[in-house]
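This report is an introduction for a reader who is meeting the structure for the first time. It goes from individual residues to the wider arrangement of the chain.

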Amino acid sequence: MSSAASLPVLRSLVTGTPPYRVPQREIQAAARTLFPRMAARPHLLDVFSNAQISSRALARPLEWYLQPRGFGEKNAVFIEEARALITRLGAEALARAELRPADVDAVIVVNTSGLSTPSLDAWLIESLGLNRQAVRLPIWGLGCAGGAAGLARAADLVRAGFRRVLYVAVELCSLTLVKGDESKSNFVGTALFADGGAALVVTAPDVPGPTALLSLHGAYSTLIEKSEDIMGWDVVDEGLKVRFSRDIPTLVRGMMRENVAGALASHSWMREDVNTFVVHPGGVKVLAAYEEALSLPPGALNSSRKVLCHHGNMSSATVLFVLEETLKAGAQGRVILSAMGPGFSAEHVLMEL
């Protein structure tokens, strides 16, 4: 194991959203137009209030989503808005890290909610004037787990000798709404999904700059056997159609205690060493399942609940919003950051504040 003095460190963390912020009650009202068959049974609309989300950011005004949109139109919006968001956040993350764009050795961009070739990291190099010899690592398809996996890969790149890494996660999940599809998955996604991004700088500990926010000890990944059906996209003419086909909270309750124990043991940590859990808030039932599986005390996941309330589920970026809230709350000591996503998989990152 590496000594603390040689561990990769987080120098900056910036989050942000597109400009259109909409109260949940307005989205619930719009659902009556989007889902007329389901709206005829008013109790089904309770999913919007039960989600415990107060408002969410969207890539377009709410009325834009009330008209049918094809995959091409949605994806064009994704590219436009994702580029704008990662440019703004990436520039701020570099400035906070006191890092010149030309000094960046590697660029990671994580997303799952839209397609771009050339990948978004190429745009980021052009728009920010980053080092043209920087290693590029676009990561697509990990969904909600991508935020954790991207952070783990940023630390891996630093360990491999790429001393200054810019890592960006960006998701515009609202664009995956399929108007006219009254499946349960599309309905639930409309109640949860939102848009946002995060940018981080991870460096070697001896790189000059501001005081490190945390050190990164390592990571732990698990691909669950025969779980491909649990979550993902079905690609249809209207775009990326969300698929939920199994009870994720039940899965969390059944596996997470053992899985977290494995993550800790892989780095010789004990459960009592961990003071803080940074958990992706896939929904209130998922958070309750984490609390039950890990025997967490009341309030342990307050940062996750706060992010869910004010931002909804932004896929990969969400757990990085939770990390930001955790840092603001003044947490200290050893931390495990956790998220699950398509695969079906679990990703953990072990950190120390």
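## Ser-338 and its surroundings

In this predicted model, Ser-338 touches Val-278, Val-279, His-280, Tyr-290, Val-319, Glu-347 and His-348, when residues up to four places away in sequence are not counted. With one of these residues, His-348, the serine also shares a polar contact between side chains, at 2.7 Å.

Ser-338 belongs to strand S12, which covers residues 334–341. Its relative accessible area is 1%, so Ser-338 counts as buried, the cut-off being under 20%.

## The annotated active site

An unreviewed UniProt entry places the annotation "active site" on Cys-144. In the model, Cys-144 is found in the loop that runs between strand S5 (135–140) and helix H6 (146–159). Although Cys-144 lies in a loop, the residue is buried, with a relative accessible area of 8%.

Which residues are in contact with Cys-144, leaving aside its neighbours within four places in sequence? They are His-280, Asn-313, Ser-315, Ser-316, Ala-339, Met-340, Gly-341 and Pro-342. His-280 is thus in contact with Cys-144, and His-280 is also touched by Ser-338.

## Two domains and an annotated region

The domain assignment divides the chain into domain 1, spanning 9–203, and domain 2, spanning 214–352. Their C-alpha centres lie 17 Å apart, and 57 residues of domain 1 are in contact with 45 residues of domain 2.

The unreviewed UniProt entry also lists residues 100–204 under the name "domain: Chalcone/stilbene synthase N-terminal". Over these residues the chain is 30% helix and 29% strand, while the C-alpha atoms at the two ends are 15 Å apart.

## Nonpolar cores

In soluble globular proteins, nonpolar side chains tend to be buried together. Here the largest nonpolar core has 45 residues, and those with the most contacts inside it are Leu-94, Val-107, Leu-124, Leu-130, Leu-166 and Leu-175. Two or more residues of this core come from each of helix H1 (24–34), helix H2 (36–39), helix H4 (71–96), strand S4 (106–111), helix H5 (120–128), strand S6 (164–172), helix H7 (184–192) and strand S7 (195–203). The largest share, eight residues, is given by H4.

Leu-94 shows what such contacts look like: residues up to four places away in sequence aside, it touches Leu-99, Pro-101, Val-104, Leu-128, Leu-130, Leu-166 and Val-201. A second core, separate from the one described above, has 38 residues and includes Ile-139, Leu-151, Val-158 and Ala-204.

## Helix H7 and the aromatic pairs

Helix H7 is mostly covered, with seven of its nine residues buried. These residues are Ser-185, Asn-186, Phe-187, Gly-189, Thr-190, Ala-191 and Leu-192, and they pack against H1, H2, helix H3 (46–50), strand S3 (55–58) and strand S10 (239–244).

The count of aromatic pairs in the model comes to four. One of them joins Phe-48 and Phe-187 in an edge-to-face arrangement, with 5.7 Å from centre to centre and 85° between the planes. Because Phe-48 lies in helix H3 and Phe-187 in helix H7, this pair ties together parts that are 139 residues apart in sequence. Phe-48, at 1% relative accessibility, counts as buried, and Phe-187 is likewise buried, with a relative accessible area of 6%. Another edge-to-face pair is formed by Trp-64 and Tyr-65, at 5.1 Å centre to centre and with 80° between the planes. Trp-64 is buried at a relative accessible area of 14%, and Tyr-65 counts as buried at 6%. Phe-48 and Phe-187 also form one aromatic cluster together with Phe-35.

## Thr-203 in strand S7

Is Thr-203, a residue of strand S7, buried or exposed? With a relative accessible area of 2%, Thr-203 is buried. A polar contact of 2.9 Å joins its side chain to that of Arg-11.

Not counting residues up to four places away in sequence, Thr-203 touches Pro-8, Val-9, Arg-11, Val-158, Arg-163 and Arg-164. Among them is Val-158, a residue included in the second nonpolar core.

Note on methods. Residues are numbered from 1 along each chain as its sequence is written. This is a predicted model: local features need pLDDT of at least 70, side-chain atom pairs count only at pLDDT 80 or more; totals for chains, interfaces and linings use all residues. Side-chain values use heavy atoms; hydrogens and water are left out. UniProt positions are given in the numbering used here, feature names are shortened, and annotations may be inferred rather than shown by experiment. Helices (H or I, at least four residues) and strands (E, at least two) are DSSP runs, numbered from the N terminus. Buried means under 20% relative accessible area, exposed over 50%, partly exposed in between (1.4 Å probe, protein chains only). Contact means heavy atoms within 4.5 Å. A nonpolar core is a set of buried Ala, Val, Leu, Ile, Met, Phe, Trp, Tyr and Cys residues joined through side-chain atoms within 4.5 Å. A polar contact is a pair of N or O atoms within 3.5 Å; within protein, one must be able to donate a hydrogen and the other to accept it, and residues adjacent in sequence count only if both atoms are side-chain atoms. Rings of Phe, Tyr and Trp (its six-membered ring) pair if their centres lie within 6.5 Å; planes under 30 degrees apart count as stacked, over 60 as edge-to-face and the rest as tilted. Domain bounds come from an automatic or database domain assignment.
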